[in-house]
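I want to go through the charged side chains here and note which of them pair up, and how accessible the partners are.

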Amino acid sequence: MEKTLLIIKPDATDRHLTGEFLRRVESARFVILGLRMLHLDAVTARRFYAVHEGKPFVDALVDYMSSGPSVAVALERENAVKALREFVGATDPAKAACGTIRHDFGLDIQRNSVHASDGLDTARDELRFFFEKL
Ligand code: ATP
Ligand code: MG
């Protein structure tokens, strides 16, 4: 069993999609281990996305991620990291496969509704970021 992190981003909480995303996640056989709603401040959002420091989109990304509440969701499933990346779809909703969260709900390449950890090491670090006890 693997663990990974999903974040329901501010564009989605703003549209009351939290319940719909959790329903889809559970339908896809992920088990919810932890759930935490929080409004990231800019410093914390920048720290979370530190890997993107220096990229042209990072300031706008920090503004967006601190613009409203997010929901951090700790998930477990076999092959969870890869399965969740497939479940959320490509970064750009216009390129995401049919039936993925980003295809069905993403607004644009920035406001793409969800985050998913991109590897086993990242998942471990990101889970620790939001859920110390996991
Ligand atoms: P995430 O890390 O949120 O799961 P990702 O791994 O698919 O997304 P990253 O390259 O890590 O994509 O980018 C992190 C986030 O930064 C994206 O989800 C999106 O919100 C924003 N972003 C990425 N590329 C762009 C871009 N070219 N223009 C605007 N925003 C972008
Ligand atoms: Mg990423």
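How many salt bridges does the count come to? I am working from a predicted model, and in it I count 11 salt bridges.

Entry on D11 and R15. I looked up this pair and found a salt bridge in which the closest N and O atoms are 2.6 Å apart. For accessibility, I noted that D11 is buried, at a relative accessible area of 7%, whereas R15 is partly exposed, at 30%.

Entry on R24 and D104. I then turned to R24, which forms a salt bridge with D104, and here the closest N and O atoms lie 2.9 Å apart. This pair links distant parts of the chain, since R24 sits in helix α2 (residues 18–27) and D104 in helix α6 (residues 101–105), with the two positions 80 residues apart. I counted R24 as buried because its relative accessible area, 18%, is under 20%, while D104, with 33%, is partly exposed.

Entry on D108 and R111. I found a salt bridge between D108 and R111, with 2.7 Å separating the closest N and O atoms. Both partners carry the label partly exposed: D108 has a relative accessible area of 27%, and R111 has one of 35%.

Entry on shared partners. Which residues do salt bridges that share partners join into one network? I traced E20, R23, R24 and D104 as the members of that network, so I went back to my note on R24 and D104, the pair whose closest N and O atoms are 2.9 Å apart.

Definitions and conventions. Residues are numbered from 1 along each chain as its sequence is written. Chains are lettered from A and ligands numbered from 1 in the order in which they are written. This is a predicted model: local features need pLDDT of at least 70, side-chain atom pairs count only at pLDDT 80 or more; totals for chains, interfaces and linings use all residues. Side-chain values use heavy atoms; hydrogens and water are left out. A salt bridge is a side-chain nitrogen of Lys or Arg within 4 Å of a carboxyl oxygen of Asp or Glu. Buried means under 20% relative accessible area, exposed over 50%, partly exposed in between (1.4 Å probe, protein chains only). Helices (H or I, at least four residues) and strands (E, at least two) are DSSP runs, numbered from the N terminus.
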